Amino acid sequence: MRSLFPVCRSITGNGVRQTLDVLSAHIPLERREVPTGTRVYDWTVPKEWNIRDAYVRRPGGPRLIDFRASNLHVLNYSVPVERTVSLAELKEHLFTLPEHPDWVPYKTSYYSETWGFCISESTLRSFEEGDYEVRIDSTLSNGHLTYGECFLPGESADEVLISTHVCHPSLANDNLSGICTATLLARQLARKKRRYSYRFLFVPGIIGSITWLSFNIGTVSRIRHGMVLAGVGDGGPFTYKKSRRGDTEIDRLVPHVLASRNRPYSVRDFSPYGYDERQYCSPGFDLPVGGLSRTPYAEYPQYHTSADNLGFVTEETLAESYSVIAEICETLEANRTYRNLNPMGEPQLGRRGLYDGFGPGQLAMLWVLSLTDGHATLLDISVRSGLAFPSVRDAAAVLVRAGLLAPA
Amino acid sequence: MRSLFPVCRSITGNGVRQTLDVLSAHIPLERREVPTGTRVYDWTVPKEWNIRDAYVRRPGGPRLIDFRASNLHVLNYSVPVERTVSLAELKEHLFTLPEHPDWVPYKTSYYSETWGFCISESTLRSFEEGDYEVRIDSTLSNGHLTYGECFLPGESADEVLISTHVCHPSLANDNLSGICTATLLARQLARKKRRYSYRFLFVPGIIGSITWLSFNIGTVSRIRHGMVLAGVGDGGPFTYKKSRRGDTEIDRLVPHVLASRNRPYSVRDFSPYGYDERQYCSPGFDLPVGGLSRTPYAEYPQYHTSADNLGFVTEETLAESYSVIAEICETLEANRTYRNLNPMGEPQLGRRGLYDGFGPGQLAMLWVLSLTDGHATLLDISVRSGLAFPSVRDAAAVLVRAGLLAPA
Amino acid sequence: MRSLFPVCRSITGNGVRQTLDVLSAHIPLERREVPTGTRVYDWTVPKEWNIRDAYVRRPGGPRLIDFRASNLHVLNYSVPVERTVSLAELKEHLFTLPEHPDWVPYKTSYYSETWGFCISESTLRSFEEGDYEVRIDSTLSNGHLTYGECFLPGESADEVLISTHVCHPSLANDNLSGICTATLLARQLARKKRRYSYRFLFVPGIIGSITWLSFNIGTVSRIRHGMVLAGVGDGGPFTYKKSRRGDTEIDRLVPHVLASRNRPYSVRDFSPYGYDERQYCSPGFDLPVGGLSRTPYAEYPQYHTSADNLGFVTEETLAESYSVIAEICETLEANRTYRNLNPMGEPQLGRRGLYDGFGPGQLAMLWVLSLTDGHATLLDISVRSGLAFPSVRDAAAVLVRAGLLAPA
């Protein structure tokens with residue numbers, strides 16, 4: 001995260017390529033390049049944006065606004081400019097956050113060609129009347145949209161999709177937290193036996209997910225579960241946003257995992273604004289893809305400002321987020337449907353050494369035997385019995401070993 | 001309402017004809033006459049009842065009870081009588097309301113031939129021992145049952161049924177309020193473009209609706225939504241009574257309209273007593289017909305008494321009731337199902353000039369685009385999004401104009 | 001109950017036979033004998049256990065523990081033993097209840113061959129160091145498992161199953177209460193016209209119901225409703241435990257009957273531990289069989305101790321339990337589906353003498369007429385209308401007599 005923080009990312013350009021290069025050191029990542037002008041459903045891949053430098057200064061004076069100090073200072077996707085303007089004209093291109101006078105806002109103008117600078121309100125107040133030299137050394141020209149894809153095949157062609165956006169520049173929680181957590185998850189899953197195949201997408205927001213969808217329409221139906229990861233580095237409680245369908249396995253499983261932690265969390269119904277779950281859940285796809293964040297986007301003051309920096313996220317918080325996401329995947333992997341091989345009455349546990357009176361393991365075994373009729377998943381059994389998923393999973397494993405249960 | 005108040009209505013007779021005549025000045029109304037003796041399902045059209053005069057007096061004295069003062073004084077459907085009786089015998093034919101000593105009750109005896117008078121308890125107390133001349137100049141003989149029907153064809157043969165009872169004499173809320181509101185609605189709808197066809201029935205209670213049903217069995221299936229209007233002139237909160245099915249479009253739509261007004265209201269489950277929704281919802285028809293009232297029948301003390309007079313209803317209350325009913329019809333008209341023409345990912349609103357950041361119009365557009373999968377109605381979208389129906393409807397209209405949406 | 005209390009029952013043996021002999025005096029009961037070694041699904045019928053005598057004493061001294069005083073003193077299914085042991089060794093075979101120092105626990109060891117004695121904690125404390133003569137004059141050898149079955153044919157081959165366990169020795173609530181109540185019910189039902197056939201099973205717990213199921217696999221599908229009766233003699237509120245399906249007719253009917261009594265009661269979801277409903281509800285059978293108790297098993301301190309004696313149950317409590325169970329059966333018998341023969345509008349009740357204004361009988365008739373569409377049962381109508389089942393049942397009977405209703 002520290003190495004990725006200074007990179008000036010956008011929805012296109014070398015910042016994304018640099019970011020994917022860093023990730024490639026950790027996981028097997030394929031980089032896709034889609035040319036400017038490519039039609040992707042209702043959208044068109046835009047011109048590629050790159051920037052080398054930018055500043056504002058009094059003629060010949062020192063830089064008053066300096067891209068080198070923070071890439072947030074430039075309105076993302078600013079067209080090139082090299083002019084001398086009055087303070088009045090300059091102000092039409094300046095963005096500040098009056099309610100947080102020391103913070104710099106993060107602003108973009110992807111689909112309307114203009115230029116601008118983002119600065120703190122206190123910097124703005126120090127500007128005096130007079131002329132200002134304005135320079136943005138950017139290019140906006142035909143090129144490509146870049147995204148990364150990491151596919152980990154599993155026993156089954158059924159896929160779990162993990163998608164995270166890579167278009168934001170120096171913002172730590174939104175979304176280096178998602179990028180880094182997803183990368184760590186991919187690295188760990190790559191080392192394990194996997195029931196599901198896993199597909200990790202590192203895409204620019206909106207245009208990136210729509211582009212991926214448009215190129216993969218033939219196989220999206222393999223996606224059985226999915227999550228958009230973003231904003232998982234702040235200290236707030238976890239927030240799961242349900243898929244548009246609202247009742248899919250992931251929609252029941254993630255709240256169950258969150259509830260089992262005995263910490264505050266919240267579950268929200270789907271809404272068509274937020275991150276890229278909007279695209280995966282659009283009615284033409286309607287995929288079982290939810291969203292996992294801590295404090296939801298736009299609900300913390302640091303959101304889309306310079307205060308969302310490396311100090312805003314902590315190792316503990318990221319580790320906790322990783323552990324929750326990993327537990328979600330483990331639970332997905334384990335959430336099978338079994339068939340009781342001795343469904344007529346209870347089997348005689350005692351003669352198999354499985355009888356321990358009314359201990360908790362016993363109860364879990366009885367629940368599993370009672371409900372494994374070929375329809376209920378272990379999660380269903382956990383919900384109905386009120387027993388923790390791990391107890392149910394472990395009881396099922398014992399019963400499988402005893403020859404009393406088999407995958408359905 | 002003022003001109004209709006003095007008319008002595010009943011389930012048959014000239015009072016109903018006079019009433020329909022008054023309504024005919026405002027709306028296109030067909031009058032139906034069904035002969036006495038006609039079998040209508042389990043019922044038979046009764047003899048027609050008419051009355052010219054009625055009174056009780058001491059022999060040769062002034063009238064102590066006078067039909068000319070109020071038609072409520074005569075037990076509705078009283079057979080003719082001309083006798084001199086003792087006070088004791090007279091009392092067997094007198095009805096009062098001891099708990100409201102100055103009010104006259106409204107009573108009927110449609111299907112059991114007898115006679116009687118309704119008076120105030122205080123009048124009764126003034127009666128002394130002695131003989132009384134009793135005269136009821138009524139006729140009960142073969143004739144017709146009369147009802148009115150106003151049909152407004154729409155783009156579709158699918159019908160909205162509005163039914164209201166016309167059998168009550170001088171009672172303002174029950175049911176001149178329903179008659180007048182329905183008439184105003186018919187007049188206003190007649191001037192508009194209509195998606196649905198509208199059928200207004202002005203029928204005597206029970207026997208009237210059953211008669212109409214028996215003559216229209218071939219076309220009742222066109223009724224897609226319906227409401228029985230009655231008791232909409234008092235100042236109480238609105239009460240919607242659901243249809244027997246309980247989950248039809250009108251059953252979800254009316255509560256939604258009522259809720260959007262931010263005033264107290266109540267929704268009740270169907271029950272097989274009340275007004276003519278009982279007949280429309282009988283199991284052989286099971287039509288999607290609910291009932292709209294303000295204070296439910298029999299739950300206000302003035303119900304079926306002389307206190308339900310022109311002073312009991314106000315112009316403001318009637319105007320409010322009309323406006324709610326009109327809004328219900330407008331919502332029904334607008335509650336279509338659409339199909340998102342660009343369902344793969346979100347469409348690019350910006351290049352159509354439809355992007356306004358996160359303004360409320362934007363949110364409504366995103367919700368509409370997200371849920372218009374050919375199944376959800378605009379009401380469904382309004383309920384799921386929590387957005388007011390008009391916002392959703394307006395967003396849909398904008399998207400239709402932009403070519404992004406089409407009726408399903 | 002008094003005559004059955006002293007009998008030393010177990011899952012096999014003469015105690016069960018003696019018990020069935022007593023019941024045979026009251027109801028037609030077939031006794032089944034299933035040989036040791038018979039495979040019944042995952043189980044095997046065990047050796048038959050019988051006991052004549054047992055005691056512990058100081059060499060040559062008086063009996064300190066005496067089977068003749070209470071059959072609870074012997075660990076049920078103890079193998080024969082005749083030895084002199086030290087106090088230390090003896091203690092390894094003694095069971096007490098330290099938290100109730102004057103009570104004797106009830107313990108079993110059906111499937112693990114050992115011996116033991118159950119005594120009060122205060123008795124144990126009086127034992128001094130030294131030798132003890134231990135004698136258990138029991139046999140554990142090839143024989144039979146015995147159970148009783150009482151079948152009462154009805155108009156329909158559809159069956160109501162009442163099952164109760166007969167394997168517990170001198171315990172009054174668990175389960176002489178179930179045995180006696182079921183016997184009384186069978187006797188009373190035998191004298192009545194029955195719509196359903198009734199099958200009463202008096203079986204040893206677990207192995208008995210599994211044995212019955214294994215021999216009746218071809219006909220268990222006739223069981224349309226069922227209940228396991230146990231622990232219905234204590235003074236606690238009734239507890240109904242739902243079947244595994246949870247939404248069967250008996251699962252809705254029993255709570256309705258309990259609610260109508262205006263006394264505290266509770267309804268619990270199915271769980272795979274408890275009495276023999278576990279077996280009837282195992283996934284291979286999944287029968288609509290719930291369980292009726294008063295205080296649930298193991299939730300009262302007297303459970304499985306000498307304190308569950310004849311003083312723990314009262315005549316009043318047993319009579320109340322019987323009356324509730326009988327009402328459940330009456331409600332099952334009456335809970336038919338009817339068809340309104342005049343479904344188009346309401347029938348004219350008045351001309352049939354059935355109109356009584358808005359009396360409660362009238363309302364019940366209107367509800368029945370409104371909902372008898374060939375799908376709703378009388379229980380459904382009772383639930384939806386909020387009217388007591390007997391009112392609905394009586395209204396239906398009146399309407400059947402009037403020719404307005406017929407069984408669907």
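# Helix packing, domains and chain contacts

In α4(A), A:S177, A:C180, A:T181, A:L184, A:L185, A:Q188 and A:L189 meet a set from α8(A) made up of A:L318, A:S321, A:Y322, A:I325, A:A326 and A:C329. Sorted by class, this contact of α4(A) with α8(A) has nine nonpolar and four polar residues, and no charged ones. Keep in mind that everything here comes from a predicted model. The rest of this briefing goes through the helix pairs, then the domains of chain A, then how the chains sit against each other.

**The α4–α8 pair in chain A**

- Helix α4 of chain A covers residues 172-190, and it packs against α8(A) at an angle of about 50°.
- The axes of these two helices, α4(A) and α8(A), are 10 Å apart.
- Angles from 35 up to 65 degrees fall outside the parallel and perpendicular classes, so α4(A) and α8(A) count as oblique to each other.
- As for handedness, α4(A) and α8(A) make a right-handed crossing.

**The α9–α10 pair in chain C**

- Here the partners are helix α9 (residues 360-371) of chain C and helix α10 (residues 378-385) of chain C, packed at an angle of about 120° with their axes 10 Å apart.
- That angle makes α9(C) oblique to α10(C).
- The crossing in which α9(C) passes α10(C) is right-handed.
- On the α9(C) side you'll find C:W367, C:V368 and C:L371, and they meet C:D380, C:I381, C:R384 and C:S385 in α10(C).
- By class, the contact of α9(C) with α10(C) has four nonpolar residues, one polar and two charged.

**The α10–α11 pair in chain B**

- In chain B, take helix α10 (residues 378-385) and helix α11 (residues 389-401): their axes come within 9 Å and cross at roughly 125°.
- This makes α10(B) oblique to α11(B).
- Once again you're looking at a right-handed crossing, this time of α10(B) and α11(B).
- B:L378, B:L379, B:I381, B:S382 and B:S385 are the α10(B) residues, and they meet B:F389, B:V392, B:R393 and B:A396 in α11(B).
- The residues of this contact of α10(B) with α11(B) split into six nonpolar, two polar and one charged.

**Domains of chain A**

- The domain assignment cuts chain A into domain 1 (14-45 + 144-334), domain 2 (48-141) and domain 3 (337-407).
- Domain 1 of chain A and domain 3 of chain A have their C-alpha centres 34 Å apart.
- Six residues from domain 1 of chain A and seven residues from domain 3 of chain A make up the contact.
- On the domain 1 side, α6 (249-260) and α8 (315-334) of chain A each supply at least two of the residues that touch domain 3 of chain A.
- The biggest giver on that side of domain 1 is α6(A), with four residues.
- By class, the side of domain 1 of chain A that touches domain 3 of chain A has two nonpolar, three polar and one charged residues.

**Where chain A meets chain C**

- This contact takes 18 residues from chain A and 15 residues from chain C.
- Helix α9 (residues 360-371) of chain A contributes the largest share of the chain A side, with five residues.
- Going by class, the side of chain A that touches chain C has eight nonpolar, seven polar and three charged residues.

**Where chain A meets chain B**

- Over here, 15 residues of chain A are in contact with 17 residues of chain B.
- Both α5 (207-215) and α7 (277-280) of chain A supply at least two residues each to the side of chain A that touches chain B.
- That side of chain A divides into nine nonpolar, three polar and three charged residues.

**How the copies are related**

- Two copies of a chain are related by a rotation about an axis and a shift along it.
- To lay chain A on chain B, you need a turn of 120° and a shift of 0.3 Å along the axis, and the RMSD comes out at 0.1 Å.
- That is the relation of a three-fold axis.
- In chain A, the C-alpha nearest this axis belongs to A:D247, 12 Å from it.
- Chain A can also be laid on chain C, with an RMSD of 0.1 Å, by a turn of 120° and a shift of 0.1 Å along the axis.

Methods
Residues numbered from 1 in each chain as written. Chains lettered and ligands numbered in written order. Predicted model: local features only at pLDDT ≥ 70, side-chain atom pairs only at ≥ 80, totals over all residues. Least-squares fit on C-alpha atoms with pLDDT ≥ 70 in both. Contact = placed C-beta atoms within 7 Å. Nonpolar A, V, L, I, M, F, W, Y, C, P; charged D, E, K, R; others polar. Axes fitted to C-alpha atoms, helices over the stretch in contact; angles between N-to-C directions. Parallel < 35°, antiparallel > 145°, perpendicular 65-115°, else oblique. Left-handed = near helix turned anticlockwise from the far one by under 90°. Domains from an automatic or database assignment.
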